[in-house]
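Q: Please take a close look at one part of this model and describe its surroundings step by step. Where a class depends on a cut-off, say which.

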Amino acid sequence: MNSPSPIPSPSSTAEPNDLLLSPSNSDYPKRSPRWVLILKARIWRFLARIGFYLHTFPKPSPPRPSFFQSYTTKPLHGHDAATLPLAFYVPPSYHRDIALGKKFPAILNFHGGGFILGSYSDDARWAAAA
């Protein structure tokens, strides 16, 4: 038994690939206006912010960074230089031990929010455990 094909049969004037890519094809997904996409993005960001806020309630509380530093990038491919904030989580004896010449291993963690969702503090519990 043959099931009906979701692709309409080609007409005598159109190529099969034209039907797949044509906006007049009834199976072709409709594009949303830009304002709809912006509204959806803002709703998702708002909901994510609520989730990140609720994430701060479970115990133990995430630690605060020990200190911050900024790094300024170089201009690249026509884009301006950017300033990246860096959060450091160090042991309580860090400043005293550094003054005595002690060296510490480092773990570099990049928050994967794509500069859209979340912040460095989302990884604070992981940073404390590391």
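A: Strands here are DSSP runs of E with at least two residues, helices are runs of H or I with at least four, and both are numbered from the N terminus. The model is a predicted one. With those terms, H77 can be placed in the loop between β1 (67–72) and β2. Its phi is positive, about 50°, although H77 is not a glycine. H77 counts as exposed because its relative accessibility is 73%, and the exposed class begins over 50%.

The strand that follows this loop, β2, covers residues 83–88 and contains L84. The C-alpha atoms of L84 and T72 are 6.2 Å apart in space, while the two residues are twelve apart in sequence. The relative accessibility of L84 is 31%, so L84 is classed as partly exposed.

Next come the aromatic side chains. F67, F88, Y94 and F104 belong to one aromatic cluster. A pair of rings is described by the distance between centres and the angle between planes. The model has four aromatic pairs under the rule used. One of them joins Y53 and F57, with ring centres 5.1 Å apart and planes at 85°, so this pair is edge-to-face; the class requires an angle over 60 degrees. Y53 is exposed at 52% relative accessibility, whereas F57 is partly exposed at 48%. The cut-off of 50% falls between these two values, which is why their classes differ.

Y94 and F104 make another aromatic pair, with centres 5.3 Å apart. Their planes meet at 45°, and the pair is tilted. This pair links distant parts of the chain: Y94 is in helix α3, F104 is in the loop between α3 and α4 (124–129), and ten residues separate them. F104 has a relative accessible area of 28%, so it is partly exposed.

F104 also leads to D97, a residue of helix α3 (residues 94–99). Apart from neighbours within four places in sequence, D97 contacts F104 and K102. D97 is buried because its relative accessibility is 10%, and the buried class covers values under 20%.

Side chains of opposite charge can pair when their charged atoms come close. The model has one salt bridge by the rule applied. The side chains of D97 and R96 form a salt bridge, with 3.5 Å from N to O. This distance meets the criterion because the cut-off is within 4 Å. The two partners fall in opposite classes of accessibility: D97 is buried at 10%, and R96 is exposed at 55%.

Elsewhere, a nonpolar surface patch of about 1100 Å² includes Y53 and F57, the two residues of the edge-to-face pair. Its other members are W35, L39, I43, W44, F46, L47, I50 and L54. Of these, F46 lies in helix α2 (residues 34–54). F46 is partly exposed at 49% relative accessibility. That value qualifies F46 for the patch because members need over 30% relative accessible area.

Technical notes:
Residues are numbered from 1 along each chain as its sequence is written. This is a predicted model: local features need pLDDT of at least 70, side-chain atom pairs count only at pLDDT 80 or more; totals for chains, interfaces and linings use all residues. Side-chain values use heavy atoms; hydrogens and water are left out. Buried means under 20% relative accessible area, exposed over 50%, partly exposed in between (1.4 Å probe, protein chains only). Contact means heavy atoms within 4.5 Å. Patches are made of residues with over 30% relative accessible area and no salt bridge: like charges are joined within 9 Å, nonpolar side chains (Val, Leu, Ile, Met, Phe, Trp, Tyr) within 5 Å. Accessible areas come from the Shrake-Rupley method with a 1.4 Å probe; for residues, only the protein chains shown count as cover. Rings of Phe, Tyr and Trp (its six-membered ring) pair if their centres lie within 6.5 Å; planes under 30 degrees apart count as stacked, over 60 as edge-to-face and the rest as tilted.
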